[in-house]
Amino acid sequence: MHLMTKIVFMGSPDFAVPTLRALAAHYQVVGAVTQPDREAGRGRAIKSPPIKTLATELGLDVIQPEKLRAPEVMNQLRLWSPDLIVVAAFGQILKPDVLALPLHGCVNVHASLLPRWRGAAPIQAAILAGDSQTGVTIMKMDQGVDTGAIIHQRAIKIEDDDTAGSLSEKLSHLGADLLIETLPRYLSGELQPQTQDESKATYAPMLKKEDGLLDFAKPVEELVRRVHAFNPWPGAYFKWNGGMLKVHRAHAEADNASEGQRLVCRGQPAVGARGGLLILDEVQPSGKKSMSGKAFLSGAHNWAD
């Protein structure tokens with residue numbers, strides 16, 4: 001354990017959990033910064049970010065500022081006097097005074113092979129674009145959005161059945177492992193960060209709920225990618241039976257059905273799109289639980305009307 005190096009961790013969602021857990025096992029984590037508790041789910045119950053739950057379990061000091069620039073936040077960071085700040089999916093931009101605070105700067109675990117897919121939704125963007133691989137980048141942060149110099153990267157293949165959820169899970173562990181492997185060489189000065197190639201930069205903007213609406217005039221292969229990229233959030237869906245039918249998993253088959261036409265293909269619900277059929281493998285009707293396409297059909301008697 002590297003007890004000499006004091007680290008402050010900043011992160012919020014499930015993606016950040018393996019990184020904090022690994023850091024706490026190898027370094028002296030002096031504090032954690034995460035997003036405030038928020039209302040979530042149908043009941044609008046107050047929910048803590050996963051990082052708060054883990055930090056509390058590890059006995060770490062936690063702060064949950066609305067804005068990092070609040071004076072009391074800077075005071076707390078100075079009190080912790082970290083040698084390094086590690087960030088993973090924190091959800092706030094770090095201002096120059098935060099970036100300049102630790103001796104070794106601020107290091108980010110980002111879920112893409114930078115400079116491809118800078119921004120808020122890199123995992124979804126990689127699936128949407130049909131990329132064959134993605135990965136994680138350990139980066140020294142600067143004032144831009146994911147524009148900092150690259151310390152280390154590791155790639156993995158995107159499988160045909162990967163969703164944003166399954167890929168995020170894989171990348172969260174890959175990122176934690178790569179960080180622990182990389183930090184000793186970075187802190188000793190052996191690994192020098194390399195500037196990103198701006199000409200190769202692409203941007204992955206934040207997703208909105210309405211991005212999930214499926215347009216059956218689009219190519220069927222693109223619709224399959226949308227279904228997988230938007231699982232679990234914002235969820236792919238289309239309007240059916242006066243409500244919304246969410247599509248969690250799907251695949252494409254060649255067919256010349258008309259766009260938007262609903263039919264049954266080998267016992268599964270399907271919808272015509274440009275260039276083929278979107279076969280609905282797993283769906284969720286409004287107000288119901290998720291189910292297989294076949295189970296859905298047994299109750300949806302007017303599906304192919």
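## Strand S14 and its hairpin

Strand S14 covers residues 262-265 and has two faces in this predicted model. Leu263 and Cys265 make up the covered face. Arg262 and Val264 make up the uncovered one. Cys265 counts as buried because its relative accessibility is 13%, and buried means under 20%.

The pairing partner is strand S15, residues 268-273. Four bridges join S14 and S15, and the two strands run antiparallel. Arg262, on the uncovered face of S14, has Val271 as its bridge partner in S15. Together S14 and S15 form a hairpin, with two residues between the strands. Arg266 sits in the turn and has a positive phi of about 50°.

## Cysteines

How many disulfides does a search of the whole structure find? The count is zero. Cys265 is buried at 13% relative accessibility. Cys106 is buried too, with a relative accessible area of 1%.

## Salt bridges

The whole structure holds 15 salt bridges. Three of them are described here, among them the pair Glu66 and Arg38. The closest N and O atoms of Glu66 and Arg38 are 3.4 Å apart. This pair links distant parts of the chain, 28 residues apart. Glu66 lies in the loop between strand S5 (62-63) and helix H3 (71-80). Arg38 belongs to strand S3, residues 38-40. Both ends are partly exposed: Glu66 has a relative accessible area of 49%, and Arg38 has 40%. Glu66 is not classed as exposed, because that label needs a value over 50%.

Glu282 and Arg249 also meet through their side chains, at 3.7 Å from N to O. Glu282 lies in strand S16 (residues 276-285) and Arg249 in strand S13 (residues 243-253), so this salt bridge ties together parts that are 33 residues apart in sequence. Glu282 is partly exposed, at 25% relative accessible area. Arg249 is partly exposed as well, at 31%.

Lys200 and Asp197 form another salt bridge, with an N to O distance of 3.6 Å. Is Lys200 buried or exposed? Lys200 is exposed, with a relative accessible area of 57%. Its partner Asp197 counts as partly exposed, at 34% relative accessibility.

## The second largest pocket

The second largest pocket holds about 270 Å³ of space. Its lining has 14 residues. Those closest to the centre are Ile127, Gly130, Glu159, Asp160 and Arg225.

Which elements give two or more residues to this lining? They are helix H5 (122-128) and helix H7 (220-229). H7 supplies the largest share, four residues.

What is the chemical make-up of the lining? Seven residues are charged, four are nonpolar and three are polar. Glu159, Asp160 and Arg225, which are among the residues closest to the centre, fall in the charged class because that class takes in Asp, Glu, Lys and Arg. Ile127 counts as nonpolar and Gly130 as polar.

Terms used: Residues are numbered from 1 along each chain as its sequence is written. This is a predicted model: local features need pLDDT of at least 70, side-chain atom pairs count only at pLDDT 80 or more; totals for chains, interfaces and linings use all residues. Side-chain values use heavy atoms; hydrogens and water are left out. A salt bridge is a side-chain nitrogen of Lys or Arg within 4 Å of a carboxyl oxygen of Asp or Glu. Buried means under 20% relative accessible area, exposed over 50%, partly exposed in between (1.4 Å probe, protein chains only). A disulfide is a pair of cysteine sulfur atoms within 2.5 Å. Two strands pair if DSSP finds at least two bridges between them. On a 1 Å grid over the protein atoms alone, a cavity is a set of points where a 1.4 Å probe fits but cannot get out, and a pocket is an open set with protein on both sides within 12 Å along at least five of seven lines; lining residues have an atom within 4 Å of a point. Grid points are joined across faces, edges and corners, and a volume is the space filled by probe spheres set on the points.
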